[in-house]
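Reader: I would like to go through this structure term by term. Please justify each label as we go.

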Amino acid sequence: MTDRSGQVGSGHVGEVRRAAVLGSPIAHSLSPVLHRAAYAAMGLDGWRYDAVECGEDGLARLLDGLGPEWAGLSLTMPLKRVALKLADSVSELAERVGGANTLVFRDGRRHADNTDVHGIVTALAEAGLGSPGSALVLGGGATAASALAALAALGLDAAVLAVRDPGRASQAAEVGERCGLAVRVVTLDRVADHLPAGLVVSTLPGRAADAFAGPVAASGAALFDVVYAPWPTALAAAVERAGGTVVGGFEMLLHQAVRQVELMTGRDEVPVAAMREAGEAELARRAATAGG
């Protein structure tokens, strides 16, 4: 069952509506900063956006308790897959990727969508990486699946997926193949064998990609690293020093949030610059706090 519009209401000034980001853990989510900045710049004084701690077992109960003032929800881990089962309709993209990071409420129904792919595509295109030619993806989780779908949307017909355990990468590889990519799965210790590549996408958490900084930088590849804090990662810093193009995870987060605001408010004049400024300021504040 598909529904690609996901629009709710007109988002008029003064209209009382609610939205939130759900997940576990959720305390450090940047989504409230981004969405609230959009509401402020759009003059949506009656709109409110919160962060709510919620695990898989609690999502159904939470959804059942929402009132008509709710416009939508942003979803992070571990809710992206279970959300598909609790929605009344699912976008074609969310079905293909196997996960929804967005629930939009309209006419008493729940509509699931995926804006992560949009976020990746837009971030890469803005950086001049809209036609990467070839790609090597590090990591095999849900974000890697969205990255493979994004690469397919950018016109690639093949990609290499490097993972620690090939047995756990089947879902991501299947997503790529459903999107039209020929996906070759290799182990992370063979990364150097698959360089150079036009674009390296790291979906590895924290410092897990540090070991690949030297080979990736030396290869001349562009980099998209989904980490946004702390930034830059060792991998991103190495590629920057080598003169390569680097796109950070904040740009993906920003543009997926822009699309969520569009879906939840029904308006397309979303203030990207105001959202970027607010997000960057918050990341700088957190970095200063952590460093102090």
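**Labels and the values behind them**

Author: Start with Ser 74, which lies in strand β3, residues 70-75. Note that the model is predicted.

Reader: What makes Ser 74 count as buried?

Author: Its relative accessibility is 3%. Buried means under 20%, so Ser 74 counts as buried.

Reader: Which residues does Ser 74 touch, leaving out those up to four places away in sequence?

Author: Ala 20, Val 21, Leu 22, His 35, Tyr 49, Asn 101, Gln 260 and Met 264.

Reader: Why is the pairing of the side chains of Ser 74 and Gln 260 called a polar contact?

Author: The side chains are joined at 2.8 Å. The cut-off for a pair of N or O atoms is 3.5 Å, with one able to donate a hydrogen and the other to accept it. The Ser 74 and Gln 260 pair therefore counts as a polar contact.

Reader: Now the helices. Why are α10 and α11 called oblique?

Author: The axes of α10 (residues 249-265) and α11 (residues 272-291) cross at roughly 135 degrees. They come within 10 Å. Roughly perpendicular covers 65 to 115 degrees, and roughly antiparallel needs over 145. The angle fits neither range, so α10 and α11 are oblique to each other. Their crossing is right-handed.

Reader: Which residues meet there, between α10 and α11?

Author: From α10 come Phe 250, Glu 251, Leu 254, His 255, Ala 257, Val 258 and Val 261. From α11 come Val 272, Met 275, Arg 276, Gly 279, Glu 280 and Leu 283. By class, this contact has eight nonpolar, two polar and three charged residues.

Reader: How do you know that α1 is oblique to α11?

Author: Helix α1 (residues 31-42) packs on α11 at about 140 degrees, with the axes 8 Å apart. Roughly antiparallel starts over 145 degrees, so α1 is oblique to α11. This crossing is right-handed.

Reader: Which residues of α1 and α11 make the contact?

Author: Val 33, Leu 34, Ala 37, Ala 38 and Ala 41 of α1. On α11, Ala 274, Met 275, Ala 278, Gly 279 and Glu 282. The classes are eight nonpolar, one polar and one charged.

Reader: Ala 41 is in helix α1. Why is Ala 41 called partly exposed?

Author: Its relative accessible area is 49%. Buried is under 20% and exposed is over 50%. The value falls in between, so Ala 41 is partly exposed. Apart from residues up to four places away in sequence, Ala 41 touches Pro 271 and Ala 274.

Reader: How far is Ala 41 from Leu 93?

Author: They are 52 residues apart in sequence and 29 Å apart in space, C-alpha to C-alpha.

Reader: What makes Leu 188 buried?

Author: Leu 188 is found in the loop between β9 (182-187) and β10 (199-202). Its relative accessibility is 8%. The limit is 20%, so Leu 188 counts as buried. Beyond residues up to four places away in sequence, Leu 188 touches Leu 138, Ala 162, Val 163, Arg 164, Leu 204 and Phe 212.

Reader: Which residues of helix α9 are buried, and what do they pack against?

Author: In α9 (residues 234-241), the buried residues are Leu 235, Ala 236, Ala 237, Ala 238 and Val 239. They pack against β10, α8 (213-219), β11 (222-225) and β12 (246-248).

Reader: What follows α9?

Author: Gly 243, with a positive phi near 90 degrees.

Notes. Residues numbered from 1 in each chain as written. Predicted model: local features only at pLDDT ≥ 70, side-chain atom pairs only at ≥ 80, totals over all residues. Heavy atoms only, no water. Axes fitted to C-alpha atoms, helices over the stretch in contact; angles between N-to-C directions. Helix = DSSP H or I, 4+ residues; strand = E, 2+ residues; numbered from the N terminus. Parallel < 35°, antiparallel > 145°, perpendicular 65-115°, else oblique. Left-handed = near helix turned anticlockwise from the far one by under 90°. Contact = heavy atoms within 4.5 Å. Nonpolar A, V, L, I, M, F, W, Y, C, P; charged D, E, K, R; others polar. Buried < 20%, exposed > 50% of the residue type's maximum accessible area, 1.4 Å probe, protein only.
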